[in-house]
Amino acid sequence: MFPDLPLEARQAAAKVFRPRRVRRGEVLYRPGDKVDGVYWVREGIFWLEGPGSPDGEEADALGVVGPGGLLGEEALVGEGHRTLGAVALTYAELYFAPKEGLHALLSVHPEVERFLLKALYARLKATEERLWEVRHLSVGQRLARVLLALGREGEVALSHQDLARLVGATRETVTKLLGEWALKGWVELGYRRVEVLDPKALARLAGEL
């Protein structure tokens, strides 16, 4: 873990950060939960969400955090309760540092804090990019970008509903687009999966070529 840190800092961090595995759909924490520590994502994808509406409407996905990302940053600044919730979009592996051990670690090894702040900054930039995409790109362009970003090995193991939340669209719209792309030979559809067959076609649509 934390490969960019000096050896002594990595060894100290390994005594504080403990590995944890979570299943797809597992809630890591909810808005308003007491802050107990910070999480660093080794594998998998999480989405951040605000509170659901009073009438039971599903909470909006406010951001996505993948490998190398930071969750639970409130522990770094002394906040008492979570401002957002975090839910596993896929199977995931993390490292968790309880708040007390974290603060002791950071006081001795400030380079660990800089490492975590860089991970938090990367998440902030990704959120800004997502807001820009929602405002300036079509649903098709946003969906193509998500598939390209998540399908680096060819397959995206997400449902149409998951993809719809990620791109800020309805499931029906995403299903229609994927069906059209499947007919063109750009993707292959299966149960909770989309295989990218023609990344260049998606990249052209997304404006990345």
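In this predicted model, helix H6 meets helix H7 through His160, Gln161, Leu163, Ala164 and Val167 on the H6 side, and through Arg171, Val174, Thr175 and Leu178 on the H7 side. Sorted by class, that contact has 5 nonpolar, 3 polar and 1 charged residues. H6 covers residues 160-167 and H7 covers 171-184; their axes sit 8 Å apart and make an angle of about 110°. Angles of 65 to 115 degrees count as roughly perpendicular, so that is how H6 and H7 stand to each other.

H7 has a second partner, a sheet. Three strands make up this open sheet, in the order E9-E11-E10, with antiparallel pairing. E9 and E10 (187-190) are the edge strands, each pairing on one side only. H7 packs on the sheet by touching E10 and E11, and its direction makes about 125° with that of E10. E10 and E11 (residues 193-196) pair in the antiparallel sense over 4 bridges, and Val187 stands opposite Val196 in E11.

Now for the largest pocket, which holds about 1,000 Å³ of space. It has 34 lining residues, and the ones nearest its centre are Ile45, Val64, Gly66, Ala149 and Leu150. Here is how the lining divides by class:

| Class | Lining residues of the largest pocket |
|---|---|
| Nonpolar | 17 residues |
| Polar | 7 residues |
| Charged | 10 residues |

Which elements supply at least two residues each of that lining? They are strand E5 (61-65), helix H4 (110-136), helix H5 (139-150), strand E9 (155-156) and H6. H4 gives the largest share, with 9 residues.

Methods: Residues are numbered from 1 along each chain as its sequence is written. This is a predicted model: local features need pLDDT of at least 70, side-chain atom pairs count only at pLDDT 80 or more; totals for chains, interfaces and linings use all residues. Side-chain values use heavy atoms; hydrogens and water are left out. Axes are lines fitted to C-alpha atoms, for helices over the stretch in contact, and angles run from 0 to 180 degrees between N-to-C directions. Angles under 35 degrees count as roughly parallel, over 145 as roughly antiparallel, 65 to 115 as roughly perpendicular and the rest as oblique. Contact means heavy atoms within 4.5 Å. Ala, Val, Leu, Ile, Met, Phe, Trp, Tyr, Cys and Pro count as nonpolar, Asp, Glu, Lys and Arg as charged, and the others, Gly among them, as polar. On a 1 Å grid over the protein atoms alone, a cavity is a set of points where a 1.4 Å probe fits but cannot get out, and a pocket is an open set with protein on both sides within 12 Å along at least five of seven lines; lining residues have an atom within 4 Å of a point. Grid points are joined across faces, edges and corners, and a volume is the space filled by probe spheres set on the points. Two strands pair if DSSP finds at least two bridges between them.
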